[in-house]
Amino acid sequence: MTIGNETIQLRLEDRTAWITLDRPPLNILDISMMQALDAVLERALSKCDFVIFQSAGPQAFSAGAEIADHTPERVEKMLSAFHAVFRRLAAADCLKIAAVHGFCLGGGMELATFCDFVLATESAQFGQPEIKLGCFPPVAMVTLPHLIGMRAAAHLILTGQQINAAEASRLGLVTRVVPDDKLVAALDSLLEELQTLSPSVLRLTRKTLGGIHFAGFAKQLEEVEHVYLSELMQGHDAREGILAFLEKRAPLWRRL
């Protein structure tokens with residue numbers, strides 16, 4: 001069965017959900033796309049043992065959230081819509097796989113690295129560039145220290161630097177790096193391997209892993225959201241960084 005809207009496509013087949021981010025060229029996640037993704041997950045998760053995230057177009061898995069949705073009148077709605085996706089994924093015991101090519105930045109990187117397996121092409125680029133806009137990535141603030149340690153997480157979050165797939169693999173963000181033309185084959189191979197295993201044991205194991213290592217995710221995300229909305233977005237520099245990006249100019253940071 002295949003369903004979808006303009007930006008999110010869902011194909012259900014053999015208890016596997018294939019979810020495609022379909023807003024090329026960069027698959028930027030705006031509020032309506034986030035809401036569509038959450039709706040698709042609500043429909044699919046209970047029916048599936050595996051959820052696979054992939055993307056349309058050759059340039060990007062996703063270059064992140066729509067910058068225009070970070071403005072004061074829209075940011076709370078954007079954050080609510082996006083974090084609903086992660087809360088739903090965190091509560092689901094099925095296995096999640098991300099197939100990444102091209103740019104995987106900001107919210108796109110948060111989504112991909114939230115998965116249990118991340119397959120990436122050699123040319124893929126990862127990064128959390130929010131700091132360059134005077135912001136920070138709420139989900140990554142919670143998850144990255146668990147995934148790669150505080151020092152490496154701080155470097156990515158505080159500098160906003162992009163890293164290639166090889167470096168992402170070295171840090172532990174990527175499960176496997178494959179040639180650019182082998183992503184589909186690698187994904188099929190991984191899925192075939194997992195499908196030979198007991199679905200119930202995979203679910204139990206995934207649930208136990210998540211319970212041990214991400215037990216505090218919901219509470220921590222709520223705390224980061226509070227800081228983001230009540231402090232960060234109320235300050236001068238976050239508003240200035242977003243406005244400067246939209247106006248295509250250098251930001252004028254307020255000096256302490």
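Modeller: Contact means that heavy atoms come within 4.5 Å. What you see above is a predicted model, where local features need pLDDT of at least 70, side-chain atom pairs count only at pLDDT 80 or more, and totals for chains, interfaces and linings use all residues. Residues are numbered from 1 along each chain as its sequence is written, and side-chain values use heavy atoms, with hydrogens and water left out.

Biologist: Okay, what share of the contacts between residues at least 6 apart in sequence join residues at least 24 apart?

Modeller: Picture the protein chain as a string, and look at contacts between residues at least 6 apart in sequence. The share of those that join residues at least 24 apart is 71%.

Biologist: How many helices and strands does the protein chain have?

Modeller: Both are DSSP runs numbered from the N terminus: helices are H or I with at least four residues, strands are E with at least two. Going by that, the protein chain has ten helices and eleven strands.

Biologist: What radius of gyration does the protein chain have, set against a compact globule?

Modeller: The radius is taken over C-alpha atoms, and the globule rule is 2.2 Å times the number of residues to the power 0.38. For 256 residues, that rule gives a value near 18 Å. The protein chain agrees with it, at 18 Å.

Biologist: And how much of the protein chain is buried?

Modeller: Buried means under 20% relative accessible area, exposed means over 50%, and partly exposed is in between (1.4 Å probe, protein chains only). Of the 256 residues, the buried share is 50%.

Biologist: How far apart are the centres of the positive and negative side chains?

Modeller: Lys and Arg count as positive, Asp and Glu as negative, while His and the chain ends are not counted. Each charge is placed at NZ of Lys, CZ of Arg, CG of Asp or CD of Glu. With 24 positive and 30 negative side chains, the two centres lie apart by 3 Å.

Biologist: How many disulfides turn up in the whole structure?

Modeller: You'd need a pair of cysteine sulfur atoms within 2.5 Å. A search of the whole structure finds a total of zero.

Biologist: Which cysteine has the sulfur nearest to Cys94?

Modeller: Cys94 is in no disulfide. Cys94 is also buried, because its relative accessible area is 1%. At 6.7 Å away, the nearest cysteine sulfur belongs to Cys48.

Biologist: Why is Cys104 without a bond to the closest cysteine sulfur, and what is the distance?

Modeller: Cys104 is buried too, with a relative accessible area of 0%. The closest cysteine sulfur is in Cys115, and Cys104 makes no bond with it because the gap is too far, at 9.4 Å.

Biologist: Which residues does Ala90 contact beyond its neighbours within four places in sequence?

Modeller: Ala90 lies in helix H2 (residues 75-91). Ala90 counts as partly exposed because its relative accessibility is 39%. Leaving those neighbours aside, Ala90 is in contact with Phe114 and Phe217.

Biologist: Which peptide bond is cis, with omega near 15°?

Modeller: Check the loop between strand S3 (16-21) and helix H1 (31-44), where Pro25 is found. The cis bond there runs from Pro24 to Pro25.

Biologist: Is Asp14 buried or exposed?

Modeller: Asp14 is found in the loop between strand S2 (8-13) and S3. Asp14 isn't a glycine, yet it has a positive phi of about 55°. Since its relative accessibility is 67%, Asp14 counts as exposed.
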